[in-house]
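User: Hey, can you walk me through this one? I'm new to reading structures, so keep it simple.
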Amino acid sequence: MNVSHTPAAGTDVLSTTKISNGLSSARLYLCTDARKDRGDFGQFVDAAFAGGVDIIQLRDKTIEAAEELELLAVLKETAERHGRLWAVNDRADIAVLSGAPVFHIGQKDLPLAAARTLLNGNAAIGLSSHAPEQVDAALAAAAGPAGLDYFCVGPVWATPTKPGRAAVGLELVEYAAAAAGAAGQDGQADGGVPWFAIGGIDHSNVEQVVEAGARRIVVVRAITEAADPAAAAASLLAALDAPGS
């Protein structure tokens, strides 16, 4: 893990060890919007964590910064109560102001080195990858001076949460599993950096992702649209932990 903490005065952040351990052991990562249509953001994230979700990222392009910070305060309190992690997407300023332990960027967002500078070492940083060369670059960046902490591979299947983004299929998951295994040392099957399959993953196809080599997944609708978010999370974890996974 490359996250290192030199927090500014008054900054309330998790310890390096807690973030590193939490990320290394994470299996189930959830992205959710602000749930404006339901008005149940606090109850929802509480249920998701209770069901076994390891990391929750708030990702909602329709809300302003002030509202996002308010919701992140709720997410932070809930995550800390459950002993889990939470994440900010795209906005480094929001990540700094909220004290987020995890920050996620896309290929066209802030460069990794710039994000690391802005966050001053106070968060783990993850990166989206959509092609074999981007997977290779992510694995290389994990050992570089800027220090990538995890990456995501996808979208495996087309998803309305990423309109216009072509599906990469299970082939890229298989490529990532092989590349990470080859990069690993001392039996580290993930190459020493956690990686997650993402994109259209739900209860109907999670087994295929596991068979392709993924041990960690990011989901959206599989939990956000579930009548019982806790049960949905527990079911996905059971699939990840099934014999042969």
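Analyst: Sure, and one term up front: a residue is called buried when its relative accessible area is under 20%. Keep in mind that this is a predicted model.

User: Okay, so is N89 buried or exposed?
Analyst: N89 counts as buried, because its relative accessibility is 12% and the cut-off is under 20%.

User: Where does N89 sit, and what does N89 touch?
Analyst: N89 belongs to strand β3, which covers residues 85-89. Not counting neighbours within four places in sequence, N89 is in contact with Q57, L58, R59, K61, F103 and H104.

User: Which residues does the UniProt "binding site" annotation list?
Analyst: That annotation, from an unreviewed UniProt entry, covers Q57, L58, R59, D60, K61, N89, S128 and K162. Of these, Q57, R59, K61, N89, S128 and K162 are included in the lining of the largest pocket.

User: S128 is on that list too. Why does S128 count as buried?
Analyst: S128 has 17% relative accessibility, so S128 counts as buried. You'll find S128 in strand β5, residues 124-129.

User: And what's around S128?
Analyst: Leaving out neighbours within four places in sequence, S128 is in contact with H104, I105, G106, Q107 and C152. With H104 there's also a polar contact between the two side chains, at 2.8 Å.

User: Switching topic: how do the strands fit together overall?
Analyst: Eight strands close into a barrel, in the order β1-β2-β3-β4-β5-β6-β7-β8, with parallel pairing. On average, neighbouring strands of this sheet are turned by 25° against each other, ignoring direction.

User: Any helices packed on that sheet? Which strands do they touch?
Analyst: Helix α3 (residues 65-82) packs on it, touching β2 (55-58) and β3. The direction of α3 makes about 160° with that of β3. There's also helix α5 (residues 112-119), which lies across β4 (102-105) and β5 and runs at about 155° to β5.

User: C152 came up as a contact of S128. Which side of β6 is C152 on?
Analyst: Strand β6 covers residues 150-153, with C152 on one side along with Y150, and F151 and V153 on the other. All four are buried, so to speak on both faces.

User: What does β6 pair with?
Analyst: β6 pairs with β5 in the parallel sense over four bridges, and three bridges join β6 to β7 (residues 195-198), also parallel. F151 stands opposite L127, and in β7 the bridge partner of F151 is W195. For C152, the partner in β7 is F196.

Technical notes: Residues are numbered from 1 along each chain as its sequence is written. This is a predicted model: local features need pLDDT of at least 70, side-chain atom pairs count only at pLDDT 80 or more; totals for chains, interfaces and linings use all residues. Side-chain values use heavy atoms; hydrogens and water are left out. UniProt positions are given in the numbering used here, feature names are shortened, and annotations may be inferred rather than shown by experiment. On a 1 Å grid over the protein atoms alone, a cavity is a set of points where a 1.4 Å probe fits but cannot get out, and a pocket is an open set with protein on both sides within 12 Å along at least five of seven lines; lining residues have an atom within 4 Å of a point. Helices (H or I, at least four residues) and strands (E, at least two) are DSSP runs, numbered from the N terminus. Buried means under 20% relative accessible area, exposed over 50%, partly exposed in between (1.4 Å probe, protein chains only). Contact means heavy atoms within 4.5 Å. A polar contact is a pair of N or O atoms within 3.5 Å; within protein, one must be able to donate a hydrogen and the other to accept it, and residues adjacent in sequence count only if both atoms are side-chain atoms. Two strands pair if DSSP finds at least two bridges between them. Axes are lines fitted to C-alpha atoms, for helices over the stretch in contact, and angles run from 0 to 180 degrees between N-to-C directions.
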